[in-house]
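Student: I would be grateful for a close look at the nonpolar core of this protein and at the aromatic pairs. Please also comment on the cysteines and on a few buried polar residues.

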Amino acid sequence: MMLLAQKEFIKMLEDNINKTDKVITFGTIPKPSSSSESLLNDVYDLYSQHGYSIKAYNPKIKTVTISNPWNTAIETEIPIDELIKYVNKEGFCCTDISLPI
């Protein structure tokens, strides 16, 4: 497991956040003391070994708004330098969600 570099994370955001046919997702790192999903960060409600999507990016204050698929109605704003501590590099991607015509 490798953590994602902040520069790489920001580049992916800048290249894709405003594209309506893309969704940016990431997975979180495992928690060392647990073999299943468990709370990693209670301030931002981040769970280990779990997937999230990025809904918005604010480059001025360097935050992202994320959504948990368990409850997509709740969105959380988190500083990038805090989030990057929990993002698993292998689980970070941008997916094309456009449908063929």
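Tutor: The account below begins with confidence, turns to the core and the aromatic pairs, and ends with polar residues and cysteines.

The model is predicted. The mean pLDDT of the protein chain is 87, and 92% of its residues reach 70 or more. Among the elements, strand β5 (residues 63–68) has the highest mean pLDDT, 95, whereas strand β7 (residues 87–96) has the lowest, 83.

The largest nonpolar core has 20 residues. Those with the most contacts inside this core are Phe 9, Leu 13, Ile 54, Val 64, Ile 66 and Leu 83. At least two residues of the core come from each of α1, β1, β4, β5, α2 (80–83) and β7. As a general background, nonpolar side chains in soluble globular proteins tend to be buried together.

Val 64 illustrates how these residues meet. Leaving aside residues up to four places away in sequence, Val 64 touches Phe 9, Leu 13, Ile 54 and Leu 83, and also Ala 56, Tyr 57, Thr 76, Glu 77, Ile 78 and Ile 80. Four of the residues with the most contacts in the core, namely Phe 9, Leu 13, Ile 54 and Leu 83, are therefore among the contacts of Val 64.

The aromatic rings come next. A search of the whole structure finds three aromatic pairs, two of which are described here. Phe 9 and Phe 92 form a stacked pair, with 4.9 Å from centre to centre and 25 degrees between the planes. Because Phe 9 lies in helix α1 (residues 6–16) and Phe 92 in strand β7, this pair ties together parts that are 83 residues apart in sequence. Phe 9 counts as buried, at 0% relative accessibility, and Phe 92 is buried as well, with a relative accessible area of 10%.

Phe 26 and Tyr 52 form another stacked pair, at 5.4 Å centre to centre and with 15 degrees between the planes. Phe 26 belongs to strand β1 (residues 22–28) and Tyr 52 to strand β4 (residues 51–58), so that the pair links distant parts of the chain, 26 residues apart. Phe 26 counts as buried at 2% relative accessibility, and Tyr 52 does so at 3%.

Tyr 52 also leads to a polar residue, Asn 68. Asn 68 is placed in strand β5 and counts as buried at 12% relative accessibility. Apart from residues up to four places away in sequence, Asn 68 touches His 50, Tyr 52 and Ile 74. With His 50, the side chain of Asn 68 makes a polar contact of 2.8 Å.

Ser 38 is a further buried residue, with a relative accessible area of 16%. Ser 38 sits in the loop between β1 and β2 (39–41). Its contacts, with residues up to four places away in sequence left out, are Lys 31, Leu 46, Tyr 47 and Ser 48.

Finally, the cysteines. The count of disulfides comes to zero. For Cys 93, the nearest cysteine sulfur is that of Cys 94, 7.5 Å away. Since a disulfide requires sulfur atoms within 2.5 Å, the sulfur of Cys 94, at 7.5 Å from that of Cys 93, is too far for a bond. Cys 93 is partly exposed, with a relative accessible area of 30%, and Cys 94 is partly exposed at 23%.

Technical notes: Residues numbered from 1 in each chain as written. Predicted model: local features only at pLDDT ≥ 70, side-chain atom pairs only at ≥ 80, totals over all residues. Heavy atoms only, no water. pLDDT = per-residue confidence, 0-100. Helix = DSSP H or I, 4+ residues; strand = E, 2+ residues; numbered from the N terminus. Buried < 20%, exposed > 50% of the residue type's maximum accessible area, 1.4 Å probe, protein only. Phe/Tyr/Trp six-rings, centres within 6.5 Å; stacked < 30°, edge-to-face > 60°. Polar contact = N/O pair within 3.5 Å; in protein donor to acceptor, adjacent residues only side chain to side chain. Contact = heavy atoms within 4.5 Å. Core = buried A, V, L, I, M, F, W, Y, C linked by side-chain atoms within 4.5 Å.
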